[in-house]
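This report describes the surroundings of the bound ligands and the coordination of their metal atoms. The sequence and the structure are shown first.

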Amino acid sequence: MNKSPNKVFVWPISTRIIHWMLAFSFTIAFIISSYEEMLHDHVALGFIFGIMIIYRIIWGFIGPKYARFSTFKLNLSQLKFYFVEKIQDRWRAIPAGHNPASSWFTIWAMIMGSIIVTSGMLLYGIQEAKGFLSFLNDNYYNQMDIWMLVHKSASYIFLFWVFLHISGVMIEQFYHKTNMVLAMITGYKRAKGEDTEVSKKLNFFAYSIIIIAIATYSFITSSNYNFLTSQKFTSIDYKAQNPIFVEKCGDCHKIYPPFLLPKASWSRVMRGLDNHFGEKITEANITKSQQSTIKSFLYANSAEKSTRESSVKIMKSLGKRRPKAITKTPYWRERHKDIDKAIFKTKEVKDKSNCIACHNNIDKGMIDDMDITIYRIKKNKD
Ligand code: HEC
Ligand code: HEC
């Protein structure tokens, strides 16, 4: 290949693709993490990120020279020396592979990355009850908040780490003028050393991983019902379970899933039927025996009995309170506080209690993030 003597080929194309896949999957997953309806894209990007991290760890043992952990400069005095020399602008020797700072960065990034991916997968199973870890929801639903904290903290630490990394690269690029940015694009670094060589076998391995990562991404985003996306809680046929409940309580509004309020709240609702949100419901409408059938059904399926994210979080947010309405629970308020008040007054929605306007399948007990239609309503308004 035609090149000047001061250039070394350090990053083969596979390494560069993987570097940018790591960078982009993290960045995009981070940006979209607050959009509920993009959960599957978030998870799919997380899978790319996770596959790349595993790959990078293996690559550190079997990969080409400059990628190997054995060439990393992890001696702390080397790191200190590196920074002192850098600050004094005396550092002249540019190593072909990782310098002490980037060696440490890579190790740290892999540890933090593994924590992010592991906690993310646990959260997806425990909280969302989705994917192949959804069985964990049964016993570990109490740990939703802990894993969210781990997942978020690790992600912010990683983000901070990315900024440090980018600052370091920028200093190299513009202050020390080592043209580091281009190295991860062209593969060549202005340094002294031998060109790296990647065997056919290693290249095959690297490209297979890249293809697996992309295939996993499309597998996750293409369907809500495969083993990486389907939810443990499937749609409930309330009519088959309790026809009286659906007929009587679904007369004026769509039925509210019983798992959204605790037993004591349902008790208040059922005791107060003669003044039910301004409506007078009497025994002429629902007989005493029908009322008691409905009550038992509500009690048997109340929030205390469910490990769904909404039930667990409603219970947690309530403390000792037992309001008569779901819309009066702190959790409901918190989750809907960012929605423009005007949207609740549009002709499609009419009222905040009209859950079904935004939650497609809530009358079947489904409050899947993927089922929220509010975004469609927002668009129609424009
Ligand atoms: C006569 C009409 C009518 C019937 C029958 C009825 N409701 Fe309601 N319900 C209302 C109205 C009106 C509201 C206020 C919210 C609204 O405008 O939709 C309401 C609100 C509620 C809410 C609070 C929703 C929120 O904002 O969180 C619950 C819970 C509820 N009903 C449960 C029941 C149950 C259980 C039954 C059956 C025993 C029932 N309702 C039967 C008219 C009715
Ligand atoms: C105007 C549209 C709208 C209405 C009406 C509405 N919601 Fe929502 N709801 C949303 C949106 C949007 C979100 C997601 C908020 C976010 O991004 O955190 C949400 C989130 C939720 C969540 C959390 C979902 C999850 O997977 O974490 C629950 C539970 C919920 N809503 C229940 C209800 C119930 C019960 C009602 C009716 C009493 C209702 N919502 C009425 C738009 C609506």
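In this predicted model, the shell around ligand 2 divides into 15 nonpolar, 5 polar and 5 charged residues. The shell holds 25 residues, of which the closest are His336, Cys355, Cys358, His359 and Asp369. Helix H14 supplies the largest share of this shell, with 4 residues.

Several side chains make polar contacts with ligand 2. The side chain of His336 places an N or O atom 2.7 Å from a nitrogen atom of the ligand. Oxygen atoms of ligand 2 are approached by Tyr331, at 3.3 Å from a side-chain N or O atom, and by Glu309, at 3.5 Å. The elements giving two or more residues to the shell are helix H13 (309-318), H14 and H15.

The iron atom of ligand 2 is coordinated through NE2 of His336 and NE2 of His359, at 1.9 Å. His336 belongs to helix H14 (residues 330-336), whereas His359 lies in the loop between H14 and helix H15 (374-381), so the two histidines tie together parts that are 23 residues apart in sequence. Around this iron atom there are 6 donor atoms, and the angles they subtend run from 88 to 180°, which makes the arrangement octahedral. For six octahedral donors, the ideal angles are 90 or 180 degrees.

Ligand 1 is surrounded by 16 residues, and the closest are Cys249, Cys252, His253, His276 and Thr327. By class, this shell comprises 9 nonpolar, 4 polar and 3 charged residues. Thr327 brings a polar side-chain atom to 2.7 Å from an oxygen atom of ligand 1. Nitrogen atoms of the ligand are also in contact with histidine side chains: an N or O atom of His276 is 2.7 Å from a ligand nitrogen, and for His253 the corresponding distance is 2.8 Å. Helix H10 (243-249) and helix H11 (263-271) are the elements that give two or more residues to this shell.

At the iron atom of ligand 1, the protein donors are NE2 of His253 and NE2 of His276, which lie 1.9 to 2.0 Å from the metal. His253 is in the loop between H10 and H11, and His276 is in the loop between H11 and helix H12 (288-300); the pair therefore ties together parts that are 23 residues apart in sequence. The 6 donor atoms here subtend angles of 87 to 179°, so the arrangement is octahedral.

How accessible are the coordinating histidines, with buried meaning under 20% relative accessible area? The table gives the value and class for each residue.

| Residue | Relative accessibility | Class |
|---|---|---|
| His336 | 15% | buried |
| His359 | 14% | buried |
| His253 | 28% | partly exposed |
| His276 | 13% | buried |

His253 is thus partly exposed because its value is 28%, while its partner His276 is buried at 13%.

A further feature is helix H4. This helix covers residues 100-126, and its 27 residues should span 39 Å at 1.5 Å a residue; the C-alpha atoms at its ends are 39 Å apart, which agrees. At the start of H4, the side chain of Asn99 extends an oxygen to within 2.9 Å of the backbone nitrogen of Ala101.

Definitions and conventions: Residues are numbered from 1 along each chain as its sequence is written. Chains are lettered from A and ligands numbered from 1 in the order in which they are written. This is a predicted model: local features need pLDDT of at least 70, side-chain atom pairs count only at pLDDT 80 or more; totals for chains, interfaces and linings use all residues. Side-chain values use heavy atoms; hydrogens and water are left out. Donors are N, O and S atoms within 2.8 Å of the metal (3.2 Å for Na, K and Ca); water is not among the atoms, so sites may look incomplete. Four donors count as tetrahedral if all angles lie between 85 and 135 degrees; four count as square planar and six as octahedral if opposite donors are over 155 degrees apart and all others between 65 and 115; anything else is irregular. Buried means under 20% relative accessible area, exposed over 50%, partly exposed in between (1.4 Å probe, protein chains only). A residue is near a molecule or strand if one of its heavy atoms lies within 4 Å of it. A polar contact is a pair of N or O atoms within 3.5 Å; within protein, one must be able to donate a hydrogen and the other to accept it, and residues adjacent in sequence count only if both atoms are side-chain atoms. Ala, Val, Leu, Ile, Met, Phe, Trp, Tyr, Cys and Pro count as nonpolar, Asp, Glu, Lys and Arg as charged, and the others, Gly among them, as polar. The expected span of a helix is 1.5 Å times one less than its number of residues.
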